[in-house]
Amino acid sequence: MRGMAVSPKGEIEYGEVFTRRWVVDTILDLVGYTADRDLAATTLVEPSVGSGAFLGPVVDRLTASAAARGVPLESLTGAIRGYDLQRSHVETSRALVVERLTATGGDEATARMLAESWLHVGDFLLDDTDLLSLGEALSAGTSVSKDSPADFVVGNPPYIRFDDLDRATVAAYRAKYPTMVGRSDIYVGFFERSLAMLKPSGMLGFICADRWMRNAYGAKLRGLIAKRYAVDTLWQMHDVDAFHAEVSAYPAITVLANRPQGSVTVLDTKATFGAPGAKQAVAFVRSGEDEAEGSGWKGARLASWFEGEDLWPAGGPDRIRLLEYLQEHFPVLEQTGGTTKISIGVATGADKAYVVAPDADVEPDRLLPIVMADDIRSGVLTPPKKVLINPWDETGALVNLTDYPRMEKALSSHEDVRKRFVARRNPAAWHRTIDRVYPGLAKRPKLLLQDMKAQITPVYEPGGYYPHHNLYYIVSTGWDLEVLGGLLLSRIAETFIEAFGVKMRGGTLRFQAQYLRKIRVPAPESISDDVQGQLRAAFRTRDRDAATRAAEAAYGLPEGEL
Ligand SMILES: C[S@@+](CC[C@H](N)C(=O)[O-])C[C@H]1O[C@@H](n2cnc3c(N)ncnc32)[C@H](O)[C@@H]1O
């Protein structure tokens with residue numbers, strides 16, 4: 001079953017979605033595959049041809065370029081290489097190629113010869129020999145690397161999620177492609193192999209899901225691009241009708257180049273974006289202008305791109321430009337205000353057993369007041385009503401059950417407690433919560449943030465409660481937490497979460513620690529007393545606009561920027 005993805009239900013998954021013509025033309029224009037150039041002297045690779053959405057326009061441009069230069073068709077065998085895992089797709093694409101070539105005056109025999117030599121059945125990620133040269137290589141007794149250089153790689157690679165790929169295939173892919181880490185989708189490998197094929201100054205243009213730009217499994221690919229290649233232009237196409245089918249993934253036109261990083265254009269588009277807007281946008285990308293907008297799009301040119309494995313932001317060009325500025329000029333939150341820490345509350349693994357009413361029959365020194373998501377849902381702290389049965393002592397060690405018979409009885413009465421993985425792994429410590437309870441944390445003042453809210457809403461807890469698992473908390477030795485709360489309430493902080501975080505359907509944001517850690521803030525000592533006062537006041541009255549104005553002053557941004 002090499003090279004195929006078989007879903008757990010036993011269906012073969014090929015990740016098929018076919019691309020609209022105007023999107024194909026746009027990508028070909030962006031990578032510079034245009035008939036005014038001598039395309040006969042170049043090589044273009046299409047890694048997964050499907051029914052030929054890219055090939056048709058590619059052949060048209062190639063034959064127009066060749067005709068204008070008097071280049072005979074039969075000399076074009078090296079101009080295109082296309083692959084697909086499915087024989088039926090390769091057959092369809094070959095028929096399309098023959099039709100296109102004969103329509104422009106080519107003879108049938110030459111058209112068939114080219115279709116045969118251009119298109120091959122194979123797994124783009126696994127086949128080691130260049131199928132184009134296979135015949136020659138076999139007769140010469142040598143093998144030819146498939147990674148012989150390409151001037152262009154274009155297409156719409158398959159999207160097949162990690163869970164839908166069979167294990168043996170995943171193992172074979174991972175052995176060859178170091179960027180395919182974590183739960184990476186197959187398209188990550190398509191990027192890596194395609195980049196490796198590019199000649200110096202060669203261009204890659206894909207329409208592809210953009211998840212890898214902002215998640216853990218994309219880290220190695222982002223790192224590879226930052227180190228060895230360049231981002232040329234990125235078009236976010238979240239609501240655009242780009243395919244002949246509905247897709248659940250958010251696509252982006254992604255153009256990368258085999259050259260050092262220079263300036264980058266970023267575009268955001270609306271649902272109305274289509275062929276006319278795309279033509280204007282291509283002109284903007286080529287123009288060298290700093291910003292422009294047109295029919296269903298808005299674009300900006302940035303001087304450089306994000307470095308290392310850093311997440312790439314989502315959103316409009318203004319937002320990305322602002323973020324680039326803030327990333328360059330301000331430290332991340334955890335590097336400010338003495339020791340500042342962002343973390344998540346305690347997971348017990350069995351809340352029914354551990355999170356109880358204050359009158360539970362347990363030794364009183366084992367009961368710790370706990371604050372839960374419900375207690376801050378309204379945007380302020382309402383008096384928490386529950387307590388945590390805390391099996392950890394003041395030094396952070398697990399207490400001895402013989403000293404706490406009432407606690408032992410209470411926990412034992414819930415079967416779930418001993419069934420938890422942590423309990424089975426170490427039966428002597430069966431009474432532990434999954435996470436340790438940090439001594440002293442309950443007493444400290446903190447800012448609490450609830451996951452899955454429409455807007456970032458920090459809540460002040462003056463000390464006394466331990467945070468529960470679905471709350472994030474911030475503690476700091478150097479920040480006045482109400483001043484920090486004002487900054488986090490502002491739309492500047494929210495910009496970070498929106499750009500790097502995951503937005504669920506219906507607009508709910510996920511406030512995981514990894515996204516909160518991306519927020520950059522001015523150091524508290526750099527904020528004047530006056531502005532600190534404004535931030536504190538805005539936080540106390542939960543006035544997001546006032547917080548945003550005060551935050552602009554704290555960051556030194558022009559008033560009304562957000
Ligand atoms: C998203 S479709 C895109 C087709 C075409 N490029 C387009 O834009 O319309 C992806 C194609 O990838 C093919 N495919 C899936 N896994 C592949 C692999 N490992 N190697 C080559 N092709 C593959 C599928 O058969 C399917 O035709």
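Reader: Which order do the strands take in the open sheet of 4 strands?

Author: Happy to start there, with the note that this is a predicted model. Strand 14 and strand 19 (466-467) are the edge strands, each pairing on one side only. The pairing in this open sheet is mixed, and the order is 14-16-15-19.

Reader: Over how many bridges does strand 15 pair with strand 16?

Author: Let's look at strand 16 (residues 386-389) from both sides. With strand 14 (residues 355-356) it pairs in the antiparallel sense over 2 bridges. Strand 15 (residues 367-371) and strand 16 are also antiparallel, and here the number of bridges is 4.

Reader: Which residue of strand 16 stands opposite Pro369?

Author: Good one to check on screen. Leu367 stands opposite Ile389 in strand 16, and Val355 stands opposite Leu388 in that strand. For Pro369, the residue opposite in strand 16 is Val387.

Reader: What are the edge strands of the sheet of 10 strands?

Author: This open sheet has mixed pairing and the order 5-4-3-6-7-9-8-10-12-11. An edge strand here pairs on one side only, and that applies to strand 5 (119-121) and strand 11 (291-294).

Reader: By how many degrees are neighbouring strands of this sheet turned against each other on average?

Author: The sheet in question is the open one of 10 strands. Ignoring direction, the average turn between its neighbouring strands is 15°.

Reader: Which residue in strand 12 stands opposite Glu293?

Author: Strand 12 covers residues 297-302 and pairs with strand 11 in the antiparallel sense over 4 bridges. Opposite Glu293, in strand 12, you will find Lys298.

Reader: Helix 9 packs on the sheet, so what angle does its direction make with that of strand 12?

Author: Let's compare two helices on this sheet. Helix 4 (residues 108-118) touches strand 4 (80-84) and strand 5, and its direction makes about 45° with that of strand 5. Helix 9 (residues 275-287) touches strand 8 (230-236), strand 10 (264-269), strand 11 and strand 12. The angle between the directions of helix 9 and strand 12 is about 10°.

Reader: How many residues apart in sequence are the parts that Asp151 and Lys199 tie together?

Author: The side chains of Asp151 and Lys199 meet in a salt bridge, with 3.2 Å from N to O. Asp151 lies in strand 6 (residues 150-155) and Lys199 in strand 7 (residues 198-209), so the parts this pair ties together are apart in sequence by 48 residues.

Reader: What distance separates the centres of domain 1 and domain 2?

Author: The protein chain is divided into domain 1 (18-325) and domain 2 (340-555). Their contact takes 10 residues from domain 1 and 7 residues from domain 2. Taken over C-alpha atoms, the centres are separated by 45 Å.

Reader: Which three residues supply 51% of the area that domain 1 buries against domain 2?

Author: Between the two domains, about 910 Å² is buried, and carbon and sulfur atoms give 58% of that area. On the domain 1 side, 51% comes from three residues, more than any other three supply: Leu311, Arg319 and Leu323.

Reader: Which residue forms a salt bridge with Arg319?

Author: Across the interface of domain 1 and domain 2 there are 2 salt bridges, and the count of residue pairs in polar contact between these domains is 3. In the salt bridge of Arg319, the closest N and O atoms are 2.8 Å apart, and the partner is Glu498.

Conventions
Residues numbered from 1 in each chain as written. Predicted model: local features only at pLDDT ≥ 70, side-chain atom pairs only at ≥ 80, totals over all residues. Heavy atoms only, no water. Pairing = 2+ DSSP bridges. Axes fitted to C-alpha atoms, helices over the stretch in contact; angles between N-to-C directions. Contact = heavy atoms within 4.5 Å. Domains from an automatic or database assignment. Buried area = accessible area lost by both parts, 1.4 Å probe. Salt bridge = Lys/Arg side-chain N within 4 Å of Asp/Glu carboxyl O. Polar contact = N/O pair within 3.5 Å; in protein donor to acceptor, adjacent residues only side chain to side chain.
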